[in-house]
Amino acid sequence: MSNQTVPIRPSIGFSAQCMIRRRRALSAVILAAAFGLATAATASQRAILLDGGFRDWRGIAPLAHDPSGDGAEGGIDLGRLRVTHDGRYLYLRLAVGRETLLQNGLSEAAGSNLRLFLDYDASAGTGLPVHGLGAELEARLGERQLFEYDATGARRELSPGGGKVTALPTHSASRFEIRVALPRAVRPHKKTGAGGEIRLLLVDEQQGGDRLPDSGWLTYRLDGAPLEPLEPLELERRQADSLRLLSLNVANTSIADHPATYKRLLQALAPDILSFQEVRDWSTEQTRAFVADVFPGRQWHAEAVADCVTVSPYPIVGLAAVDQNLVVHIDLPTAMGRRDLVLFNVHLPCCGNDADRDRESDNIAAAWRDMLAGRGLFPIDPEDAVVVLGDFNFVGFGRQLRAIRQGVFIDPSLGPSFAPGRARGSLAIASGRRTHANTVTTWRNRSSSFAPGRLDFIFFSSDALRQVASFSVDTAEMAPKFRRSHGLRHGDSIQISDHLPLIADFELRK
Ligand SMILES: [Ca+2]
Ligand SMILES: [Ca+2]
Ligand SMILES: [Ca+2]
């Protein structure tokens, strides 16, 4: 039974403020009581895919609904919270009331001091004494700090980059999916699904900052049959005649240091067109020659702009630069269909540099708009397929993704919005799930203060291309048998890059 209790607060007198808090608490008790039992996962529920999309949450009722307008001025305003779990993870779906960069602190753009407290044994006597809870986990999301507490309250700091707590989308949004890896002792029973009661609390730690719930805490039972995990994805092509595209940030030309690992991975993935970012120490010809050595028997062509290199077995008939990004026109074999491919290989500026990321996202969108209008960087057939892929470093504002995907310019002087996907409107996003995990994050760095994120994307025009398959690869997650069958090793992915190889297979529509 999920409920909420008003903790004893000796320091607070029986004041008018306390009365208001109690009234709010009471209404939240009623809501939580009404919905509490419904939140236990049932076998019929779909697995949660950590992708920043919410279709997988259908049928999961809110655990709590915090009132709106009760946060700090200009701060986040916590709203509806849904909670579910599977055998390994706790999932939260959280509304924060305004555009927020969840990993930015109060002093940073669209930031907050949002903290998540989890009391795994529902006991105030163990863990960190905080807000009436005994928390075993404290995730300071905005401050990018993560702490675990043992029964005595002793603290251990974890690196957020380890992925214990991951939230999507990585770019700014007003709703998020948050996934917390449950400690083994807290996970529900493997066979019966039986689990214990945990307590949770969300607080924007600043003067007048919002809390969820406004007083006390929420209770959730890790009970019921856990959600079924998603099936692993195969590396083999589902359709022999599909066009397989690879995008990979090669971490400052780590190919030069680990050629054998790259060879293993690339041979296991067998892409047709390879697009690399962060090729800094190798020439275009060195990169092309490396691919030709991995895949002998095909004639390979390569072009580059800045650190973006695309290698293709099909002729590159058009070439241009959009800022530091490459755009090529690839003459696909007639047997694949009548269309050719316009491919943007993108590496946007990193980290807090939203201004340059805004500008380059706009310029990529404008370049495609102009090509469609017949006045672009090189001539194309207006029905050609377009793919915009690469390392977008989307750790800033979501408007950058909207510029590329939906043709909504950030800088209004570039003109009115347009439809990058022609009759389909927006470009589609290749699904890119990891073969052996329920997430689409493409970047991780264990020692980073940033949690794993989705920085790499493959956008495509769905009127010209049909996605046959799409996935990313982290060899450390694969079942040993699966790994062996593809000639891969446990540490291959982490050895080559902090980014994962991202694949999409397409069929050209008639
Ligand atoms: Ca989802
Ligand atoms: Ca609120
Ligand atoms: Ca505790």
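Which cysteines does a disulfide join? The points below take this up after the calcium sites.

1. This is a predicted model, in which local features need pLDDT of at least 70 and side-chain atom pairs count only at pLDDT 80 or more, while totals for chains, interfaces and linings use all residues. Residues are numbered from 1 along each chain as its sequence is written, chains are lettered from A and ligands numbered from 1 in the order in which they are written, and side-chain values use heavy atoms, with hydrogens and water left out.

2. The calcium ion (ligand 2) has as protein donors (N, O and S atoms within 2.8 Å of the metal, or 3.2 Å for Na, K and Ca; water is not among the atoms, so sites may look incomplete) Asp-66 (OD), Pro-67 (O), Asp-70 (OD), Asp-77 (OD), Leu-78 (O) and Asp-210 (OD), at 2.2 to 2.3 Å. Along the chain these donors follow the spacing D-P-x2-D-x6-D-L-x131-D.

3. For the calcium ion (ligand 1), the protein donors lie 2.3 to 2.8 Å away and include Leu-49 (O), Asp-51 (OD) and Gly-53 (O). The spacing of its donor residues in sequence is L-x1-D-x1-G-x2-D-x120-E.

4. To return to the opening question, a disulfide (a pair of cysteine sulfur atoms within 2.5 Å) joins Cys-350 to Cys-351, with 1.9 Å from S to S, and a search of the whole structure finds one disulfide. The link of Cys-350 and Cys-351 is right-handed, with 55° about the S-S bond. Cys-308, by contrast, is in no disulfide, and the nearest cysteine sulfur, that of Cys-350, is 14 Å away.
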